[in-house]
Amino acid sequence: MDRARPQLSRRRILKGAALAAVPYALLPASRAGAQTQTVDYPPAEWQPATASNYTASNRPSSYSIDRVVIHVTQETYTDALAIFRNPQKAVSAHYLVRSADGHVAQCVREANIAWHAGNWDYNTRSIGIEHEGWIDQPAYFTDALYEQSAKLTAAVCAKYGIPKDREHIIGHIQVPGTDHTDPGPYWDWVRYIRLVNFA
C-alpha cells in the first residue's frame, strides 16, 4: 500500500517546538543557578543534610572559624550522604569528597555548625571535611581525592584566614575527647599540606 507522507508545514513545526518548550517554561526560575546560590564552595554540589543533624548559626559572626577537621567516612560516598539525611543519626559534615573522582558535595552551609568532631567547641570553630573510604584501605585515598580536597581546604583557609599548617588542619583523631582514629595511618599528611599550600 502506497501512502503519501504528511506535509510538514512551517506552522506545524513551530507549534511542535512551542509544545516542547512548555515544560521548561513551567519550571520555577529558582531552579536555574540554584546550585551556585546554595553552596559556599562553587565547585561543590549541594547535597543537604537534614536540619536535625546540625545547628543553625551565623558563623563567623557567632563563632570564629579557625580549624579544618579532616575525616574519613568508613562508608561509601552514597551511604555517607544517606546518613547525613537521616535525622536519627545526629551527624553531619560541611563537605564530603568522593574517592573515585574527587567530586565535592556540600552538606551543611559553612555558617552553620555541622556535628562532625564529637566536641562542641571544635564543632563551633571548624569546617568538617569527610572523605569517602576506610582508614585501613589506602586505595580510597586517590590522587583526585587528595587534589580536590586540598583545593577545598585551601579555599576555606583563604576565606577565614586559617593558616595552612598541621596545627590548623587537623585529623579527627586530634580532637580532644574523641574516640575516632581517622583519617588513619595511611593518610599522607605531608602530601596533603603541600597540596593545600600550592592550591
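In the predicted model, the charged end of R125 lies over the ring of Y122, at 5.1 Å from the ring centre. A second such arrangement involves R166, whose charged end sits over the ring of W189, 3.7 Å from its centre.

W189 also belongs to a cluster in which ring pairs link F141, Y146, W187, W189 and Y192. Within this cluster, F141 and W187 form an edge-to-face aromatic pair, with 5.2 Å centre to centre and 80° between the planes. F141 is in the loop between β7 and α5, and W187 is in the loop between β8 and α6 (189-198), so the pair ties together parts that are 46 residues apart in sequence. Both F141 and W187 are buried.

In total, the structure holds nine aromatic pairs. One of them is formed by Y41 and Y95, which meet edge-to-face at 6.3 Å centre to centre, with 85° between the planes. Because Y41 lies in the loop between α2 (34-38) and β1 whereas Y95 lies in strand β4, this pair ties together parts 54 residues apart in sequence. Y41 is buried, with a relative accessible area of 10%; Y95 is buried as well, at 0%.

The six strands of an open sheet with mixed pairing follow the order β1-β5-β4-β7-β3-β8. Its edge strands, β1 (45-46) and β8 (169-171), each pair on one side only. β1 runs parallel to β5 (residues 104-106) and is joined to it by two bridges, and W46 has Q106 in β5 as its bridge partner. Helix α3 (residues 77-85) packs on the sheet and touches β1, β4 (95-97), β5 and β7 (126-131), its direction making about 165° with that of β4. Helix α5 (residues 143-160) also packs on the sheet, touching β3 (67-72), β4, β5, β7 and β8, and its direction makes about 170° with that of β7.

Note on methods: Residues are numbered from 1 along each chain as its sequence is written. This is a predicted model: local features need pLDDT of at least 70, side-chain atom pairs count only at pLDDT 80 or more; totals for chains, interfaces and linings use all residues. Side-chain values use heavy atoms; hydrogens and water are left out. Two strands pair if DSSP finds at least two bridges between them. Helices (H or I, at least four residues) and strands (E, at least two) are DSSP runs, numbered from the N terminus. Contact means heavy atoms within 4.5 Å. Axes are lines fitted to C-alpha atoms, for helices over the stretch in contact, and angles run from 0 to 180 degrees between N-to-C directions. Rings of Phe, Tyr and Trp (its six-membered ring) pair if their centres lie within 6.5 Å; planes under 30 degrees apart count as stacked, over 60 as edge-to-face and the rest as tilted. Buried means under 20% relative accessible area, exposed over 50%, partly exposed in between (1.4 Å probe, protein chains only). A charge sits over a ring if NZ of Lys or CZ of Arg is within 6 Å of the ring centre and within 35 degrees of the ring normal.
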